Amino acid sequence: MKQILFIVLSVSVLYACRMEELPKAQLSKNVVFGSEEGLEMYVNSFYDVFPRRNTIFSVPSYYAAWPTVTRYLNPGLFSPDDQGGWSWGTLRNINFFIVNNNDPALSQTVRDNYTGIARFFRAYYYFGMMTTFGDLPWIDKPLDVADPMLTAGRDPRTLIIDKIKEDLDFAIANISNKKNSGASTITSTVAAAFKSRVCLWEGTFRKYHTEAGLQSSADQWLQEAVSAAQYVMDAGYGIYTGSGVENSYHDLFAAKIPIAQEVLYAVT
């Protein structure tokens, strides 16, 4: 009889409590976009797109001798379906920040600084996608589940590269730090170095891929690469020689703390 009473009382307690707990607060966009600390914390999430030091050398070495032909080199065994990387979550995260970074509680200069960092990462993302896939849909806003852009066709790669340069030009002009003493954040000089690489790639593509019919604009892109490289050269960096002729090169790469005299950005 005591056991039966215990079970009945337990069931009644469960029904009386209803076991429901409502959230006491909800996170507002103002918490993130209404303070510089919030903007900084948000853009820090973008750095995850970079390779980490424990994964850089984890890929198979293609300089080693292989006893058999790698699968994708065999005729007919590698198709577009086998190519990975068609993922857009990173872009949505970046676009959400850019679109919502408009809180008047912060100055335009502060907002433009962090938008510049975000647009650097959008350029970095799109350049990687373009060099892999060529034509791509250009998306500059976070998409809802019913947005027709989810099934949009691809835009020409010439439009994509123009947008990449626009993002990098904005980043160079608006990121407030030209150098970083810890070589651990994106600066305007990092954006300029990346722009030089992008423009060199595009300029040589247009010069030597004559089938694209873009040779007439090749020199313009190569000149953009030169100008961006000059920006880096004028930023105050130099070759590290602090450990002498024999050891400086070794110490540059073996240092536990990045040597910011020569390093623009270090993978940590």
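The following dialogue goes through salt bridges and burial in a predicted model.

Tutor: Local features need pLDDT of at least 70 and side-chain atom pairs count only at pLDDT 80 or more, while totals for chains, interfaces and linings use all residues. Residues are numbered from 1 along each chain as its sequence is written, and side-chain values use heavy atoms, with hydrogens and water left out.

Student: Why is the contact between Asp-167 and Arg-122 called a salt bridge?

Tutor: A salt bridge is a side-chain nitrogen of Lys or Arg within 4 Å of a carboxyl oxygen of Asp or Glu. The closest N and O atoms of Asp-167 and Arg-122 are 2.8 Å apart, so the pair meets that definition. Asp-167 is in helix α6 (residues 157-174) and Arg-122 in helix α5 (residues 108-133); helices are DSSP runs (H or I, at least four residues), numbered from the N terminus.

Student: Why does Asp-167 count as buried?

Tutor: Buried means under 20% relative accessible area, exposed over 50%, partly exposed in between (1.4 Å probe, protein chains only). Asp-167 has 1%, so Asp-167 is buried.

Student: What makes Glu-166 partly exposed?

Tutor: Its relative accessible area is 41%, which lies between the two cut-offs, so Glu-166 is partly exposed. Glu-166 forms a salt bridge with Lys-163 (3.9 Å, N to O).

Student: Why does the pair of Glu-224 and Lys-165 tie together parts that are 59 residues apart in sequence?

Tutor: Glu-224 lies in helix α8 (residues 218-233) and Lys-165 in helix α6, so their salt bridge links those parts. Salt bridges with shared partners join Lys-165, Asp-169, Lys-195 and Glu-224 into one network.

How values were computed:
Helices (H or I, at least four residues) and strands (E, at least two) are DSSP runs, numbered from the N terminus.
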